[in-house]
Amino acid sequence: MSTSLAAEIPWPPSVEDFYLPPIVDGTNPWFTKVTVLVWVAVAALIIFFLVTYRDPKLVPTKRQWIAESIYGFVRNNVARDLIGHDGIRFAPYLTTLFCFVLLTNLFGIIPGIQMSPNSHIAFPAILAVISWVLFNFVGIRQHGFAKYMKNSLIPPAPWFILPLLVPIEFISTFVFRPFTLAVRLFANMFAGHMILLVFTLGGFVMLNSNAWLAPVSVVSWLMAIALTFLEALVIVLQAYVFTVLTASYVQGALAEEH
């Protein structure tokens with residue numbers, strides 16, 4: 001790296017360096033690449049399912065088969081298996097959640113985009129809050145507020161340890177669940193983005209540094225390619241885990257005793 005280029009890089013980095021610049025100068029600072037990617041994901045999912053089911057066939061087309069396979073997978077293997085027969089009514093939400101998280105995660109390895117909105121904590125946090133509101137709402141509607149809070153906060157245990165267990169149950173159910181949902185997704189997507197960035201840009205740095213390190217740049221790029229395939233597996237797994245945990249929380253809210 002040249003001395004003039006190194007001099008232009010601010011050091012040490014500050015918190016502001018993690019904020020993306022707006023797409024157009026002078027526009028709202030929240031109108032960034034991540035915001036556009038979220039809109040693109042929502043539009044793509046709406047258009048895909050509307051077009052697919054606009055004229056369904058008895059013998060499904062490839063596009064219809066893909067849509068039905070995704071919905072059938074979430075309905076049968078997540079909603080029904082985890083929640084039970086009542087889980088069928090939650091299948092549309094769980095399918096939407098799975099597809100949205102999967103698509104926004106995939107942006108992180110698509111050339112030219114290479115950034116997942118879920119690598120910014122705000123979007124996983126909003127998804128976690130929606131799931132938190134859902135399982136609490138269905139639990140209160142199923143049992144009533146008093147019984148739902150009793151089931152959630154008072155485990156079957158001797159009375160003398162309840163003063164210790166009740167605060168733990170409260171924090172676990174109403175604080176840690178949305179927090180861990182959001183942080184798990186965010187941390188995996190952010191870490192994957194940073195690792196791919198380090199190996200990709202590291203190859204260019206070594207290529208331009210000196211002749212001794214230039215051959216190592218090829219190794220760095222090969223590692224970036226290999227890690228991209230690993231990141232693809234993590235992307236699918238995180239979408240599945242987020243959906244499964246949401247379904248398990250709904251199942252716990254509907255159960256007579258937690």
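Contact here means that heavy atoms lie within 4.5 Å.

**Figure 1. Overview of the chain in the predicted model.** Among the contacts between residues at least 6 apart in sequence, 65% join residues that are at least 24 apart. The chain holds eight helices and zero strands, so that its elements, read from the N terminus on, run α-α-α-α-α-α-α-α. Of the 258 residues in the chain, 33% are buried. The accessible surface of the chain comes to about 15,700 Å², and 74% of that surface belongs to carbon and sulfur atoms.

**Figure 2. The largest nonpolar core and the helices that build it.** This core has 41 residues, and those with the most contacts inside it are I83, F90, L94, V138, F242 and V250. Two or more residues each are given to the core by helix 2 (33-52), helix 3 (62-83), helix 4 (91-106), helix 5 (122-143), helix 6 (145-153), helix 7 and helix 8 (214-254). The largest share, 11 residues, comes from helix 8. As a general background to such a view, nonpolar side chains in soluble globular proteins tend to be buried together. A closer view of F90 shows that, when its neighbours within four places in sequence are left aside, this residue is in contact with I83, L134, V138, V250 and L254.

**Figure 3. Surroundings of S131 in helix 5.** Is S131 buried or exposed? With a relative accessibility of 1%, S131 counts as buried, because the cut-off for a buried residue is under 20%. The side chain of S131 makes a polar contact with the side chain of Y93 at 3.1 Å, and another polar contact, at 3.2 Å, links the side chain of S131 with that of T246. Leaving aside the neighbours within four places in sequence, the residues in contact with S131 are Y93, L97, L181, F242 and T246.

**Figure 4. S217 and A226, two residues of helix 8.** S217 has a relative accessible area of 1% and is therefore buried. Apart from neighbours within four places in sequence, S217 is in contact with G203, M206 and L207. A226, by contrast, is partly exposed, with a relative accessible area of 43%. The C-alpha atoms of A226 and L196 are 9.7 Å apart in space, while these two residues are 30 residues apart in sequence.

**Figure 5. I121 in the loop between helix 4 and helix 5.** The relative accessible area of I121 is 40%, and I121 is therefore partly exposed. Which residues does I121 contact, once its neighbours within four places in sequence are left aside? They are A182 and F186. Although I121 and A182 are 61 residues apart in sequence, they are 7.1 Å apart in space, taken from C-alpha to C-alpha.

**Figure 6. A nonpolar patch on the surface, with F170 as one of its members.** The patch is formed by F170, I171, V175, F176 and F179, which together have about 460 Å² of accessible area. F170 itself lies in helix 7, which spans residues 162-209. At 39% relative accessibility, F170 counts as partly exposed, because this value lies between the cut-offs of 20% for buried and 50% for exposed residues.

Terms used:
Residues numbered from 1 in each chain as written. Predicted model: local features only at pLDDT ≥ 70, side-chain atom pairs only at ≥ 80, totals over all residues. Heavy atoms only, no water. Helix = DSSP H or I, 4+ residues; strand = E, 2+ residues; numbered from the N terminus. Buried < 20%, exposed > 50% of the residue type's maximum accessible area, 1.4 Å probe, protein only. Areas by Shrake-Rupley, 256 points an atom, 1.4 Å probe, with all protein chains shown as cover. Patch = residues over 30% accessible without salt bridge, like charges linked within 9 Å, V, L, I, M, F, W, Y side chains within 5 Å. Salt bridge = Lys/Arg side-chain N within 4 Å of Asp/Glu carboxyl O. Core = buried A, V, L, I, M, F, W, Y, C linked by side-chain atoms within 4.5 Å. Polar contact = N/O pair within 3.5 Å; in protein donor to acceptor, adjacent residues only side chain to side chain.
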